[in-house]
Amino acid sequence: MNHDFFMNRALEIAQFAKGLTKTNPMVGAVLVNDNKIISEGYHEYFGSCHAEVNALKGINKETLSQSTLYITLEPCSHEDKKTPPCAPMLVQSGIKNVVIASVDPNPKVSGNGVKLLKDNKIDVTCGVLDKEQISLNEIFYKNMNKQMPWIHLKVAQSLDGKMCLNNGISQWITGSYSSQSVHQMRSHCDAILVGGNTFKVDSPSLNVRDIEICNHKNFTQPEKIILSRKTHNLEKKQDWVQYFQSLYLEKKLGSVFIEAGPELYSKIMEQDIVDRLSIFIAPSLIGKGKSFHAYDRADLSNLTRYQYQMEKFPDGDLLIDIRF
Ligand code: AOF
Ligand code: ZN
């Protein structure tokens, strides 16, 4: 049996729910009989049925006993949540073979689902495309491991690193392809945050628009957050960590997309709390203007050279994407 092939498909369908699962992970499941996929399911949106429930719908016990279920995440085993636990359901279903990409990092599950299956004589294989699954659910892993939202910072600048003119005007440095990519990024986060300055100068609408996901019946617009010195006095790293932690623990925001001008960009980078930095670069020179001004380096001997992904848009704009 080609485990990677079927798990790849399960990961592929998990992603159909990108932007719709909020603080839940994206999860996919495929049922394989006689080396063929006979059913598929994924966790479609926050609060909906889990992937394996959807994949097993309408399949009889006898077929299940001769099939293998591929799931991208360990089936859940805990009760204090929106949907019934999947591991006991699988035990009842008659399935005998389960292949899992990763153990659920949720401490309420974390191995208990696998144990329940094994205790009930189900053959379980773990770790197939584990890395790929973890990368797909980077937001969920940050939430579970750090009790913090995923922090995604986006900036736009010219070739000479300028993010606005001296008077603060920044509309528009980058073009429409960058803008569309920003809307995709916005749609994958639970909140959009801007600094008070950007809000005053640009009056951004802070919503997701003109992309396909907007028409999806289960899509909800991200929360809007305006961070100003008047309302939030964030100085030390600890203040910032506490602030973002409260967004996760109290407001249930799993990810925050920050659209920053030079002040907020510099301030936030100094706190060392950013998970992903997306820099959109227009092939233009601005000259005088404002730019990133964090750090005060005494020498250049220890400059970090970041790993990054790059995209070039048809109009020449570039996206440099860094995960810290
Ligand atoms: C699975 N299959 O498809 C997903 C799982 O509030 P609930 O009922 O939706 O449960 C959310 C938790 O269940 C989530 O934190 C994670 O641990 C697990 N997600 N588990 O067996 C799925 N989405
Ligand atoms: Zn479940």
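This briefing describes a five-stranded sheet with its helices, two nonpolar cores and several aromatic residues. The model is predicted: local features need pLDDT of at least 70, side-chain atom pairs count only at pLDDT 80 or more, and totals for chains, interfaces and linings use all residues. Residues are numbered from 1 along each chain as its sequence is written, and side-chain values use heavy atoms, with hydrogens and water left out.

**The open sheet**

- Five strands make up an open sheet with mixed pairing, in the order 2-1-3-4-5; strands are DSSP runs of E with at least two residues, helices are runs of H or I with at least four, and both are numbered from the N terminus.
- Strand 2 (36–42) and strand 5 are the edge strands, each pairing on one side only, where pairing requires at least two DSSP bridges between two strands.
- On average, neighbouring strands of this sheet are turned by 20° against each other, direction ignored.
- Strand 4 and strand 5 run parallel and are joined by four bridges.
- Ile100 stands opposite Cys126 in strand 5.

**Helices across the sheet**

- Helix 1 (residues 3–14) lies across strand 1 (28–33), strand 2, strand 3 (68–73), strand 4 and strand 5, and runs at about 140° to strand 1; axes are lines fitted to C-alpha atoms, for helices over the stretch in contact, and angles run from 0 to 180 degrees between N-to-C directions.
- Helix 5 lies across strand 4 and strand 5, at about 150° to strand 5.
- Which residues of helix 5 are buried? In helix 5 (residues 112–119) they are Gly113, Val114 and Leu117; buried means under 20% relative accessible area, exposed over 50%, and partly exposed in between, with a 1.4 Å probe and protein chains only.
- These buried residues cover an arc of only 100° around the axis, so they sit on the same side of helix 5; the arc is that of the directions from the helix axis to the C-beta atoms.
- An α-helix has 3.6 residues a turn, so residues three or four places apart point the same way.
- The cover over the buried residues of helix 5 includes helix 4 (86–93), strand 4 (97–102) and strand 5 (123–126).
- Lys121, just after helix 5, has a positive phi of about 65°.

**Nonpolar cores**

- The largest nonpolar core has 29 residues, and Leu153, Leu193, Phe244, Ile258 and Tyr265 have the most contacts inside it; such a core is a set of buried Ala, Val, Leu, Ile, Met, Phe, Trp, Tyr and Cys residues joined through side-chain atoms within 4.5 Å.
- Elements that each supply at least two residues of this core include strand 6 (150–158), helix 10 (237–249) and helix 11 (262–271).
- Outside its neighbours within four places in sequence, Phe244 is in contact (heavy atoms within 4.5 Å) with Met148, Pro149, Ile151, Leu193, Val256, Ile258 and Ile273.
- A second, separate core has 23 residues, among them Ala29, Leu69, Leu73 and Val98.

**Aromatic residues**

- The structure holds ten aromatic pairs; rings of Phe, Tyr and Trp (its six-membered ring) pair if their centres lie within 6.5 Å, and planes under 30 degrees apart count as stacked, over 60 as edge-to-face and the rest as tilted.
- One of these is the edge-to-face pair of Phe5 and Phe6, at 5.2 Å centre to centre and 80° between the planes.
- Phe6 is buried, at 3% relative accessible area, and Phe5, Phe6 and Tyr70 form one aromatic cluster.
- Tyr306 lies in the loop between strand 12 (290–291) and strand 13 (309–312) and is partly exposed, at 38%.

Notes:
Chains are lettered from A and ligands numbered from 1 in the order in which they are written.
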